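The following note is offered to a colleague who has the sequence and the model at hand. It is arranged as numbered points, each on one part of the structure.

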Amino acid sequence: MSRLLVIAFQPSDAVASAGFAASLGLPWDLLCLTGASDLDLGNEKIISANLDLIPPADGLATGLAKAIDGYSHIACVSSMQSKDFLARLAGTSDLAMVTDVVGIDSPTTFKRPIVAGSIIATVEVLSSPVAMTFRPAGFPKPARSGVSVQESITLETPSKATIVSRSVRGGARPDLSQAKVIVSGGRPLKDAETFERVIGGLADKLGGAIGATRAAVDSGIAPNEIQVGQTGKIVAPDLYIAAGISGSTQHMAGIKDSKIIVAINKDPDAPIFELADYGLVADLYDAIPAIQNEIA
Amino acid sequence: MKVLVPIKRVVDPYTKVRPLADGSGVDTSGAKFEINPFDEIAVEEAVRIREKIGDVEITVVSIGKSECEEQLRKALAMGADKAILIESDAEFDSLSIAKELAALATELQPELILMGKQATDDDCNQVGQMLAAKLNRPQATFASKVEVSTSGVTVTRETDDGDETLSLPFPCLVTADLRLNEPRYIGLPGIIKARSKPLERRTPATTPVVKVRVVRVEAPPAREAGRKVSSVSELVSILKDRGAL
Ligand SMILES: Cc1cc2nc3c(=O)[nH]c(=O)nc-3n(C[C@H](O)[C@H](O)[C@H](O)COP(=O)(O)OP(=O)(O)OC[C@H]3O[C@@H](n4cnc5c(N)ncnc54)[C@H](O)[C@@H]3O)c2cc1C
């Protein structure tokens, strides 16, 4: 029998999963590792694990090995955390796995980007069950319906790894993956203070999130968790403003689903102009304050 | 201490690739091939560990066609001690690669397996975790810092919203992220010198059972061509008109 289990690391994953589940077209249950979920997402059951802290992946995979019994599809919203865990579970339970699903042709045929998003592959899954991570942006949210049955589960999550410390950054700004507006900066931002003042300043004016290129993160201008691209966050805001970003394949892989891309670059031949909806050839240190004045 | 570093031969990440006209695969004709950049970072880290603590033997392994020798030689030139090429034309997926690597690791018993977090061709981000599971080892993925002690490793790993430090006892597995290190530059003389290091060719220990297969590839939907605007005020008024501001 075909049935989907979505494993949610946090409540926002639950909401983001409804569209994916509807596109897959199978009856589904939701397992919330932490926090609670809305009750009208269209799933039959909500299983709450009530974990205070997500354990290391080996422990979590051991803990969930039994909980996936009876499901043909086990899915998580794509994130570093879900990939760390789900591929471990696929190894433990010998599951086929598909990473970063962006489209569904049938319950065994999926679309996913490869080679930094420069190619879309259609993959066929030849065995059941299958584990997968998916990018919610590709799956429009359905109308809310139904009321789910609530259950709880106790997980034993023995791990050989010890958590020494965890630091969670972030703050008042919206989360990159949910933001409607993102202002992103690249290598020319000089240092962390300049980045925060210039990129952060415009983002705050627009109520948006901040993003960065690998070059900016590598050189310590921006923190790692805001890297956007092939190996960072995949974003899909209504407006993405890229300032001082050349437009490498790896960066563009993370922003293609944005509704409007604006590029500000002083080099008229920068590759980002080929993909941006609106390009402004300008020095970002002039353009960004001017934009702030203009919208004030 | 023994360190095993699995590496993958991938199309150069700075080359733009396209689908073949019939959609049967990726057109890599004329493209350069390299060590997957994340695996190269793993090789570099293994070499740095040896430079720091001394008695470390580094084995690099690649599964694939005979051409993978080129990448194994480069890893030897970077400082690996020996290489194993598991030669095969067969089709593998992440899980079957993990099983083949697990067979090798069971034979070699490395305290530490270091590898890239994902390959830049298939972008799967699976093999490290699957291999750790098959070997029942603890794992630390997305490593940005690795410190080795006599009993294990302490790894700082990047997370979705910050970072985390894990302590793992040996034997364990670590996957490398971009900021772990910057691999050293290897010139041609280094590569020539590495020709005298041992490279063993073998056949696979397992028969791959493929559970996931690519059946078709295509170009992503193109974004409509954009245009340049002449001033900040033009830009702002367009964005206001479109309801984006
Ligand atoms: C395996 C791998 C994975 C990668 N993953 C990612 C990823 O996830 N995300 C990512 O972003 N990159 C990634 N990269 C790196 C990527 O290839 C590029 O190197 C990087 O995106 C470049 O960042 P940048 O645009 O900030 O810097 P650059 O390419 O140096 O571009 C800077 C741009 O700023 C412009 N500029 C300079 N001064 C000004 C000014 N005052 N005003 C306006 N414009 C100015 C320049 O004209 C230039 O176009 C990856 C690379 C590899 C090999």
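1. Surroundings of A:His73. In this predicted model, and leaving aside neighbours within four places in sequence, A:His73 is in contact with A:Arg3, A:Leu4, A:Leu5, A:Leu24, A:Leu26, A:Pro107, A:Phe110, A:Val130 and A:Met132. The residue lies in strand E4 of chain A, which spans residues 73-77. Because its relative accessibility is 4%, under the 20% limit, A:His73 counts as buried.

2. Polar contacts of A:His73. Two polar partners may be noted for this side chain. The side chain of A:Ser72 makes a polar contact with the side chain of A:His73 at 2.8 Å. In addition, a polar atom of the A:His73 side chain lies 2.7 Å from the backbone oxygen of A:Pro107.

3. The sheet that includes E4 of chain A. Seven strands of chain A form an open sheet with parallel pairing, in the order E5-E9-E4-E1-E2-E3-E10. Its edge strands are E5 (96-101) and E10 (149-152), each of which pairs on one side only. From one strand to the next, the twist averages 20°. In general, the strands of a sheet pair through backbone hydrogen bonds, in either a parallel or an antiparallel manner.

4. One strand pair and the helix on the sheet. Within chain A, strands E2 (residues 28-32) and E3 (residues 45-48) run parallel and are joined by 4 bridges. A:Leu30 stands opposite A:Ile46 of E3(A). Helix H1 of chain A (residues 11-24) packs on the sheet, where it touches E1 (4-8), E2, E4, E5 and E9 (130-134). The direction of H1(A) makes about 160° with that of E1(A).

5. Strands E12 and E13 of chain A. E12 (residues 181-185) pairs with E13 in the parallel sense over 4 bridges, and A:Gly185 stands opposite A:Ala212 in E13(A). Between these two strands the chain passes through helix H4 of chain A (residues 192-205), giving a right-handed β-α-β crossover. E13(A), residues 209-212, is covered on both faces: A:Ala209 and A:Gly211 are buried on one side, and A:Ile210 and A:Ala212 are buried on the other.

6. The interface between the chains. How many residues of chain B are in contact with chain A? There are 75 such residues in chain B, and they meet 83 residues of chain A. The area buried between the two chains is about 6,700 Å², with 54% of it given by carbon and sulfur atoms. B:Asp160, B:Lys211 and B:Arg223 supply 12% of the area that chain B buries against chain A, more than any other three residues.

7. Helix H4 of chain B. This helix (residues 127-134) is largely enclosed by the rest of the structure, because 6 of its 8 residues are buried. Those residues are B:Gly128, B:Gln129, B:Met130, B:Leu131, B:Ala132 and B:Ala133. Both chains contribute to their cover, which includes helix H3 (80-93) and E5 of chain A, together with helix H3 (94-108), E8 (112-116), E9 (139-148) and E12 of chain B. After H4(B) comes B:Asn136, whose phi is positive, near 55°.

8. B:Ala176. This residue is placed in strand E12 of chain B (residues 172-176), and it counts as buried because its relative accessibility is 0%. Its C-alpha atom is separated by 5.7 Å from that of B:Ala42, although the two residues are 134 residues apart along the chain. Not counting residues up to four places away in sequence, B:Ala176 touches B:Phe38, B:Ile41, B:Ala42, B:Met115, B:Gly116, B:Lys117 and B:Ala143.

Technical notes
Residues are numbered from 1 along each chain as its sequence is written. Chains are lettered from A and ligands numbered from 1 in the order in which they are written. This is a predicted model: local features need pLDDT of at least 70, side-chain atom pairs count only at pLDDT 80 or more; totals for chains, interfaces and linings use all residues. Side-chain values use heavy atoms; hydrogens and water are left out. Buried means under 20% relative accessible area, exposed over 50%, partly exposed in between (1.4 Å probe, protein chains only). Two strands pair if DSSP finds at least two bridges between them. A crossover is right-handed if, with the strands pointing away from the viewer, the path from the first strand over the helix to the second runs clockwise. A polar contact is a pair of N or O atoms within 3.5 Å; within protein, one must be able to donate a hydrogen and the other to accept it, and residues adjacent in sequence count only if both atoms are side-chain atoms. Contact means heavy atoms within 4.5 Å. Axes are lines fitted to C-alpha atoms, for helices over the stretch in contact, and angles run from 0 to 180 degrees between N-to-C directions. Buried area is the accessible area (1.4 Å probe) that two parts lose on being put together, summed over both.
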